[in-house]
Amino acid sequence: MTVCYFTASGNCLYVARRIGGTLLSIPQLMKQDSIEIEDEAVGIVCPVYKAILSMMTAYAAVFVQRFVLQTISPLLTK
Ligand SMILES: Cc1cc2nc3c(=O)[nH]c(=O)nc-3n(C[C@H](O)[C@H](O)[C@H](O)COP(=O)(O)O)c2cc1C
């Protein structure tokens with residue numbers, strides 16, 4: 001599993017570490033021209049800032065729009 005995280009004060013990094021797997025920093029990923037992640041499962045951990053209906057932060061939302069996610073479902077490959 002790959003976990004992309006964005007953290008300001010460290011809470012989301014703590015959560016990402018608890019989930020485990022490959023941890024990728026969203027600010028580091030955003031420096032890349034293209035963001036391509038290939039894994040069976042990809043999670044995003046980010047803070048909620050002044051949210052309505054638990055929307056993710058605008059920064060993480062931009063990240064989601066940018067990255068290309070190729071999920072390889074074990075169910076589909078069987
Ligand atoms: C400016 C600001 C606005 C926040 N707004 C919300 C909110 O609307 N709803 C909520 O549940 N938490 C809100 N929080 C709490 C953060 O989501 C929470 O502290 C989070 O764990 C921070 O993650 P981080 O330590 O990885 O940066 C807010 C925090 C800050 C600093």
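# Reading a small predicted fold

Author: Let's start with the inventory: this chain has 4 helices and 5 strands. Keep in mind that the model is predicted.

Reader: In what order do the elements run from the N terminus on?

Author: Read along the chain, they go β-α-β-α-β-β-α-β-α.

Reader: And how do I read the open sheet? What is its strand order?

Author: For a sheet, look at who sits beside whom rather than who follows whom in sequence. Here the open sheet of 3 strands is ordered S2-S1-S4, and the pairing is parallel. Strand S2 (22–25) and strand S4 (42–45) each have a single partner strand, so they stand at the edges, with one side of each left without a neighbour in the sheet. From one strand to the next, the twist averages 25°.

Reader: How many bridges join S1 to S2?

Author: Strand S1 (residues 2–5) is joined to S2 by 4 bridges, and the two run parallel. To find the register, pick one pair: Val 3 has Leu 23 as its bridge partner in S2.

Reader: What else does Val 3 touch, leaving out residues up to four places away in sequence?

Author: With those set aside, Val 3 touches Ala 16, Ile 19, Gly 21, Leu 23, Gly 43 and Val 45. Let's follow two of these, Ala 16 and Gly 21.

Reader: Ala 16 to begin with. Where is its place, and is Ala 16 buried or exposed?

Author: Ala 16 belongs to helix H1. Burial is read from the neighbour count: Ala 16 has 22 C-beta neighbours inside 10 Å, so it counts as buried. Beyond its neighbours within four places in sequence, Ala 16 is in contact with Val 3, Tyr 5, Leu 23 and Val 45. The C-alpha atoms of Ala 16 and Tyr 5 are 6.6 Å apart in space, with their positions 11 residues apart in sequence.

Reader: Which strands does helix H1 lie across?

Author: Helix H1 (residues 11–19) lies across S1, S2 and S4, and runs at about 180° to S1.

Reader: Now Gly 21. Where is its place?

Author: Gly 21 is in the loop between H1 and S2. It has 15 other C-beta atoms within 10 Å, so Gly 21 is partly exposed. Leaving aside neighbours within four places in sequence, its contacts are Met 1, Thr 2 and Val 3. Gly 21 and Val 3 are 18 residues apart along the chain, with their C-alpha atoms separated by 6.7 Å.

Reader: Which residues make up the largest nonpolar core?

Author: A core is best read as a connected set, and then traced back to the elements that supply it. This one has 12 residues in all: Val 3, Cys 4, Tyr 5, Phe 6, Cys 12, Ala 16, Ile 26, Ile 44, Val 45, Cys 46, Ala 60 and Phe 63. S1, H1, S4 and helix H3 (58–66) each supply at least two residues of it. S1 gives the most, with 3 residues.

Reader: How much of the chain counts as buried?

Author: Of the chain's 78 residues, 15% count as buried.

Reader: Which residues are closest to the ligand?

Author: For a ligand, read the shell first and its chemistry second. There are 11 residues around the ligand, the closest being Thr 7, Ala 8, Asn 11, Cys 12 and Pro 47. The shell divides into 6 nonpolar, 4 polar and 1 charged.

Reader: Cys 12 is in the core list too. What does Cys 12 touch?

Author: Cys 12 lies in helix H1. Not counting residues up to four places away in sequence, Cys 12 touches Tyr 5, Phe 6, Thr 7, Val 45, Cys 46 and Pro 47. It is buried, because 21 other C-beta atoms lie within 10 Å. The C-alpha atoms of Cys 12 and Cys 46 are separated by 5.9 Å, although the two are 34 residues apart along the chain.

Reader: And long-range contacts in general: what share do residues 24 or more positions apart account for?

Author: They account for 59% of the chain's contacts with a separation of 6 or more. Take Phe 67, in the loop between H3 and strand S5 (68–71). Phe 67 and Ile 35 are 32 residues apart in sequence but 4.5 Å apart in space, C-alpha to C-alpha. Apart from neighbours within four places in sequence, Phe 67 is in contact with Leu 29, Ile 35 and Ile 37.

Reader: Is Phe 67 buried or partly exposed?

Author: Phe 67 has 19 C-beta neighbours inside 10 Å, so it counts as partly exposed; buried would need 20 or more.

Note on methods
Residues are numbered from 1 along each chain as its sequence is written. This is a predicted model: local features need pLDDT of at least 70, side-chain atom pairs count only at pLDDT 80 or more; totals for chains, interfaces and linings use all residues. Two strands pair if DSSP finds at least two bridges between them. Axes are lines fitted to C-alpha atoms, for helices over the stretch in contact, and angles run from 0 to 180 degrees between N-to-C directions. Two residues are in contact if their C-beta atoms, placed from the backbone, lie within 7 Å. A residue is near a molecule or strand if its C-beta atom, placed from the backbone, lies within 6 Å of it. Ala, Val, Leu, Ile, Met, Phe, Trp, Tyr, Cys and Pro count as nonpolar, Asp, Glu, Lys and Arg as charged, and the others, Gly among them, as polar. A nonpolar core is a set of buried Ala, Val, Leu, Ile, Met, Phe, Trp, Tyr and Cys residues joined through C-beta atoms within 7 Å.
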